[in-house]
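This report covers charged and aromatic side-chain contacts in one protein chain. Salt bridges come before ring pairs.

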Amino acid sequence: HALRVNDVLASEEVGERFFVAFRGLLERVRGETNTRAGAVDRTLLALFPLTRVLFLYFVQAKGWLDGRTDFLRGQLDATLASRRHFHRTVLHPLFFGTLNRPPVSRHATSRLGRIPYLNGGLFEPHPLEREYGPVVLPNPIWRDAFDTVFERFRFCTSEGEEVDAVAPDMLGRVFERIMEAGERKASGSYY
């Protein structure tokens, strides 16, 4: 029993450290969002690319992104080394031209490798993105996001699977802790 309590406390500690790092990143990204949008909408617009990447870290942990557990970091490193824009050349096509489409209906995305079709709606443009345009983050922010948040933690695919790793329930906890309940419900993020 004492070992299990220790495991739970250790996983909560990892989750808390991740949340603090993620929240700091969110505040930085929020400053890059459309200034015409209200405060709640700016927070949501900032959350969209970050939670998509967070979700992909769990998918990547399963090896489902071209069979690699370092796919995202590899794409970032290669893109920056070639002096291209990571968000425009990798993330946007990955989110909106690959993950949200069955393989037979994808356009020229073979350079990304074997990528699954995920039809849950996370990789469809949100109405706020249609209204204000998607948040397109500059390379230095993505480099910082990977170095200070996503690559600093290990990700597992099941809650309780690994004590010192971030579990998938973190996706829901991010929304719960960042937005007040009324804001979640009003913005359609409630469920």
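A salt bridge here is a side-chain nitrogen of Lys or Arg within 4 Å of a carboxyl oxygen of Asp or Glu. The model is predicted, so local features need pLDDT of at least 70 and side-chain atom pairs count only at pLDDT 80 or more, while totals for chains, interfaces and linings use all residues. Residues are numbered from 1 along each chain as its sequence is written, and side-chain values use heavy atoms, with hydrogens and water left out.

**Salt bridges**

Eight salt bridges are counted under this rule. Three of them are listed with the distance between nitrogen and oxygen.

| Pair | N to O distance |
|---|---|
| R68 and D70 | 3.0 Å |
| E151 and R73 | 3.1 Å |
| D147 and R143 | 3.2 Å |

The pair of E151 and R73 joins distant parts of the chain, 78 residues apart: E151 lies in the loop between α6 (139–148) and α7 (170–178), and R73 in helix α3 (residues 71–81). Helices are DSSP runs of H or I with at least four residues, numbered from the N terminus. By contrast, D147 and R143 both belong to helix α6, where they are four residues apart and so separated by about one helical turn.

Accessibility is classed as buried (under 20% relative accessible area), exposed (over 50%) or partly exposed (in between), using a 1.4 Å probe and protein chains only. R68 is partly exposed at 29%, and its partner D70 is partly exposed at 27%. E151 has a relative accessible area of 29% and R73 one of 31%. In helix α6, D147 is partly exposed at 41% and R143 at 26%. A network of salt bridges links R68, D70, R73 and E151.

**Aromatic pairs**

Rings of Phe, Tyr and Trp (its six-membered ring) pair if their centres lie within 6.5 Å; planes under 30 degrees apart count as stacked, over 60 as edge-to-face and the rest as tilted. The count by this rule is 14 aromatic pairs. One of them is F55 with F123, whose ring centres are 6.1 Å apart and whose planes meet at 55°, so the pair is tilted. F55 is in helix α2 (residues 39–61) and F123 in the loop between α4 (86–99) and α5 (127–132), 68 residues apart. F55 is partly exposed at 26%, whereas F123 is buried at 2%.

F146 and F150 form an edge-to-face pair, because their planes are at 65°, with ring centres 5.9 Å apart. F146 is buried at 0% relative accessibility, and F150 is buried at 1%. Both belong to a cluster linked by ring pairs, together with F18, F22, Y57, F58, F86, W142, F153 and F155.

Definitions and conventions:
Helix = DSSP H or I, 4+ residues; strand = E, 2+ residues; numbered from the N terminus.
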